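Trainee: Can we go through how the labels on this model get assigned? I'd like to see the reasoning behind each one.

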Amino acid sequence: MGTSRCRLSVLAALVVVLPVAACQRSTGKPHGSASPTVRSAPPASGPDSAPSSRLATAAPASLTPSVSGLAASAPPPMVTTAPSTVSPTVVPLSSVLAAEVGKDVVRLPTNQHVVALTFDAGANADAIPRILATLQAETVPGTFFLTGAWVKAFPAQARQVGALYPVGNHSSTHPHFTQLSSAAVRTQVTDAQTAITAATGRDPQPLFRFPFGDRDTRTREVVNSLGYISIFWTVDTLGWEGTSGGQTTSSVVRRVMAKLQPGEIVLMHVGSNPVDHSTLDGDSLKTVIDQIKAAGYGFVTVPQGLGLP
């Protein structure tokens, strides 16, 4: 009789506890509320690859930013921290291209708490060892925008990047595109595509990032006609300015976290500052990752964030 009463008491407790626990799970903190597509002009921050001299970003024309093939090597991890299950809808490439014509992708089209870390390579490769080691140790993916000149100057590092992560086209020689003829713009893009594909084993299409963020309606139309979309950024860390430019690892982290939002695209660089030789982006990367994770965010590549296969 005592045993029967005990079993009945346990069953009664379960009847009360289980619904309460289920309710707590169902009302837990959501991954993020819906955010409207960004329609304001994109930020006109610093140059998007570490230049040999400090050049100001050209003021963009009237822009309407939006939110939008890899080789046979294993794809990078999609999301490595909370939210633990993110499955972006796969969208045909033609649909992504059509949706992003004439626009800049300033933020990934998602309401989920994910961030895309992007790295521009146009100057040197001084921070590549630390960046790749940190991404691998933290199991976090990145997207690398390479120039044709860079992959020719640093073929070993280009192969390393291509073996691990998706790549984008960052032009052949990193000029200001608005100062070029349309024919010269085409040559910059196509020459870079040939060099990047040969060096990394990956086709950079459809990802293109304008050197210095310098673009206008004409140059964007040329790039679009070649099968590319313009990948801008949500925040530039300004790590490329170096300690001589007043930046620190702490300022890099603060800038990233100040702009943290679903679909944030972070712009960093793989090179060192040409004056002081600091590598602030590489040096701060682990702290950036740790703080993004602590805020409940995970990581995706740009293709994953756009829903590309």
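Mentor: Sure. Start with a cut-off: a residue is called buried when its relative accessible area is under 20%. And keep in mind that this is a predicted model.

Trainee: Okay, so what makes His174 count as buried?

Mentor: Its relative accessibility is 10%, and the cut-off is under 20%, so His174 counts as buried. His174 lies in the loop between strand E4 (167-169) and H6.

Trainee: Why does Leu238 count as buried?

Mentor: Leu238 comes out at 13% relative accessibility, so it counts as buried under that cut-off. Leu238 is in the loop between strand E7 (235-236) and H8.

Trainee: What is the phi of His174?

Mentor: About 65 degrees, a positive value although His174 is not a glycine. Leu238 also has a positive phi, near 65 degrees. Most residues other than glycine have a negative phi.

Trainee: Now the helices. Why is H8 called oblique to H9?

Mentor: Helix H8 (residues 249-258) and helix H9 (residues 280-294) pack at about 45 degrees, with axes 9 Å apart. Under 35 degrees would be roughly parallel, and roughly perpendicular runs from 65 to 115. The angle falls in neither range, nor over 145, so H8 is oblique to H9. The crossing is right-handed.

Trainee: Which classes of residue make the contact of H8 with H9?

Mentor: Seven nonpolar, four polar and two charged residues. Val252 and Met257 of H8 are among them, as are Leu280 and Asp283 of H9.

Trainee: And which peptide bond is cis?

Mentor: The one from Gln205 to Pro206, with omega near 5 degrees. Pro206 is in the loop between helix H6 (182-200) and strand E5 (207-208).

Terms used
Residues are numbered from 1 along each chain as its sequence is written. This is a predicted model: local features need pLDDT of at least 70, side-chain atom pairs count only at pLDDT 80 or more; totals for chains, interfaces and linings use all residues. Side-chain values use heavy atoms; hydrogens and water are left out. Axes are lines fitted to C-alpha atoms, for helices over the stretch in contact, and angles run from 0 to 180 degrees between N-to-C directions. Helices (H or I, at least four residues) and strands (E, at least two) are DSSP runs, numbered from the N terminus. A crossing is left-handed if the near helix is turned anticlockwise from the far one by less than a right angle, and right-handed if clockwise. Contact means heavy atoms within 4.5 Å. Ala, Val, Leu, Ile, Met, Phe, Trp, Tyr, Cys and Pro count as nonpolar, Asp, Glu, Lys and Arg as charged, and the others, Gly among them, as polar. Buried means under 20% relative accessible area, exposed over 50%, partly exposed in between (1.4 Å probe, protein chains only).
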